[in-house]
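Colleague: I've got a few "how do you know" questions about this one. Can you walk me through it?
Modeller: Sure, let's pull it up.

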Amino acid sequence: MRGKLWFSVWVLFLWGSSLGRFVVEKNSLKVTSPESLKGIYECAIGNFGVPQYGGTMVGIVVYPKANKKACRNFADFDISFKSKPGGFPTFLLVDRGDCYFTAKAWNAQNAGAAAILVADDKVEPLITMDTPEEESGGADYLQNITIPSALISKSFGDNLKKALENGDMINVNLDWRESLPHPDERVEYEFWTNSNDECGPKCDSQIEFVKSFKGPAQIMEKKGYTQFTPHYITWYCPEAFILSKQCKSQCINHGRYCAPDPEQDFSRGYDGKDVVIQNLRQVCVFKVANESGKPWLWWDYVTDFSIRCPMKEKKYTKECAEEVIQSLGVDLKKINKCIGDPDADEENPVLKAEQDAQIGKDSRGDVTILPTLVINNRQYRGKLDKSAVLKAICAGFQETTEPAVCLSEEIETNECLENNGGCWQDKAANITACRDTFRGRVCECPSVQGVKFVGDGYTHCRASGSGRCEINNGGCWKKTKDGKTYSACVDDGCKCPPGFKGDGVKTCEDIDECKERTACQCSACKCKNTWGSYDCSCSGDLLYIKEHDTCISKRATTEVGWSFLWVIFFGLAVAGVGAYAVYKYRIRSYMDSEIRAIMAQYMPLDNQGEAPNHIPHGDI
């Protein structure tokens with residue numbers, strides 16, 4: 001008993017020394033009637049039940065005539081808040097005090113209420129309604145609470161009661177759509193937990209959550225939809241108690257990192273320092289696995305460790321933990337190096353980083369509750385349940401970027417299934433602008449087979465760009481008749497083809513060129529209208545020339561043609577003969593000159609004088 005008392009004093013001291021900025025997570029409550037209360041009010045999200053993150057709930061406020069603090073079962077008073085078919089859900093307004101918040105929510109849920117609003121009994125800032133301590137609470141029903149809860153201020157609660165007394169019907173809208181940030185296509189979340197499995201229902205719920213949530217967590221992590229980080233809370237031992245037996249059994253590294261005794265009894269079982277070392281080992285498993293590109297192995301390790309190495313079976317040991325690590329193929333040497341020496345009088349960088357991370361930053365408050373889930377730097381409030389947490393994580397994605405797991409039937413309702421969500425659709429081509437999201441639906445013109453549709457998404461969407469005519473003919477008119485097909489689809493819109501008139505979308509009517517005298521109007525022409533065109537013929541041996549809309553003689557055309565050909569042939573013949581004559585002349589001249597040159601070398605030419613070879617008579 002003495003050990004337990006000292007433990008309680010020590011924990012309270014540590015808790016007080018580590019108090020920081022605690023942020024109350026809130027959602028909005030919008031009153032739509034009566035006029036006197038119309039407006040938006042803040043309320044604090046309870047840390048139990050299932051808040052509808054990313055969604056809204058509409059209902060009417062009811063204040064019970066008896067059992068106003070909801071500390072007893074409403075069946076004892078023959079009171080029910082179940083909605084009739086077609087009626088609004090009931091948001092039960094109750095007063096704070098006399099029993100746990102969770103008991104109020106449980107009794108309201110059993111009576112048929114859809115949500116519970118707890119009115120504060122004092123003027124103060126809003127606080128977070130939490131679950132009771134295990135020993136005093138004794139509440140096995142905690143995990144069965146499914147309705148959302150909210151704490152409202154005393155003044156607002158008084159105004160609601162006054163309006164109900166006056167006979168006003170109060171319509172409200174609980175809104176969690178902005179309770180979690182949703183900036184982009186990836187959700188970052190942290191899980192603050194503990195390896196201790198002997199702390200009662202809370203520890204049991206943590207282990208069950210890890211086992212059930214492992215599947216979706218690993219899928220989202222492997223596909224890059226989420227970035228998960230586990231964390232563990234530790235405290236330091238006050239300097240005045242560092243050398244005490246209690247601090248030595250609860251802390252490592254000379255009082256720097258401590259955890260409460262698992263059984264809250266220093267005389268038996270495992271010590272707090274055993275929990276600290278196992279917490280450190282789990283952090284190092286994540287660190288080493290993350291460095292190898294497989295951070296999701298943390299979920300396997302924690303699950304297997306809880307099954308194979310429980311405290312109850314005296315297997316909460318280093319040896320058992322290392323067997324689990326080796327079975328998962330994680331580098332044991334790196335993990336032991338990460339853990340370091342628990343007996344050394346020095347800081348452990350891993351646990352020091354964990355203590356620093358406990359301090360709140362920006363919009364996130366200090367982590368003071370175990371377990372705590374932090375999603376996009378905002379602390380989650382509500383039941384630690386697979387479905388509830390998955391809803392909250394899905395609410396953290398930017399709209400239209402959610403993974404498929406967020407659009408399953410058990411997580412959200414597909415609003416596109418009813419009346420196509422009020423969006424544009426082309427039933428013939430099975431194309432719709434309705435896109436289901438976790439937060440509802442958006443009307444957004446789609447892209448189909450590489451073709452982008454443009455429009456407002458509600459009343460119209462039109463295919464644009466190249467290839468648009470391949471999708472339902474671009475939404476334009478198209479018809480086949482007498483073996484001919486005509487389409488009004490062109491690259492920049494819908495336009496009736498030549499031979500038709502109309503809007504190009506719904507109708508294109510055949511133009512009667514003969515009747516409207518737009519073609520085949522020459523004196524010798526005979527016009528006959530056809531679908532999409534016309535036939536024009538000429539009388540006798542005349543030929544119709546469409547480009548000039550005239551008739552000409554076939555014979556004249558033939559005569560002119562042959563005459564033209566004869567001229568061409570004659571011209572070619574003259575040119576050939578001339579070219580041959582020139583060729584003969586030039587080759588003859590060339591041969592003559594060559595022969596003369598050769599003869600000149602061997603005999604005198606006729607035009608050269610002959611040398612005398614005898615003496616004429618009479619000369620001396």
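Colleague: What is Leu174 in contact with, leaving aside its neighbours within four places in sequence?
Modeller: Bear in mind this is a predicted model. Leu174 is in contact with Asn27, Ser28, Leu29, Cys43, Gly55, Thr56, Met57, Phe91, Ala115 and Leu117. Contact here means heavy atoms within 4.5 Å, so each of those residues has to meet that cut-off.

Colleague: And which residues have the most contacts inside the largest nonpolar core?
Modeller: Leu174 is one of them, along with Tyr189, Phe213, Ile375 and Ile393, in a core of 82 residues. Helix 7, residues 272-291, gives the most to this core, with nine residues. Another core, of 23 residues, lies apart from it and includes Ala108, Ala111, Val118 and Leu126.

Colleague: Why is helix 8 called oblique to helix 9?
Modeller: Helix 8 (residues 297-308) and helix 9 (residues 318-327) pack at about 140 degrees, with their axes 10 Å apart. Roughly antiparallel needs an angle over 145 and roughly perpendicular covers 65 to 115, so about 140 degrees counts as oblique. The crossing is right-handed. On the helix 8 side, the contact is made by Tyr301, Asp304, Phe305 and Arg308; helix 9 brings residues including Cys320 and Val324.

Colleague: What makes strands 18 and 20 edge strands?
Modeller: The open sheet runs in the order 18-19-20, with antiparallel pairing. Strand 18 (447-448) and strand 20 (461-464) each have a single partner strand, so one side of each is left without a neighbour in the sheet.

Colleague: How do you know that strand 18 pairs with strand 19?
Modeller: Pairing takes at least two bridges, and two join these strands, so they qualify. Ser447 stands opposite Lys452 in strand 19.

Conventions: Residues are numbered from 1 along each chain as its sequence is written. This is a predicted model: local features need pLDDT of at least 70, side-chain atom pairs count only at pLDDT 80 or more; totals for chains, interfaces and linings use all residues. Side-chain values use heavy atoms; hydrogens and water are left out. Helices (H or I, at least four residues) and strands (E, at least two) are DSSP runs, numbered from the N terminus. A nonpolar core is a set of buried Ala, Val, Leu, Ile, Met, Phe, Trp, Tyr and Cys residues joined through side-chain atoms within 4.5 Å. Buried means under 20% relative accessible area, exposed over 50%, partly exposed in between (1.4 Å probe, protein chains only). Axes are lines fitted to C-alpha atoms, for helices over the stretch in contact, and angles run from 0 to 180 degrees between N-to-C directions. A crossing is left-handed if the near helix is turned anticlockwise from the far one by less than a right angle, and right-handed if clockwise.
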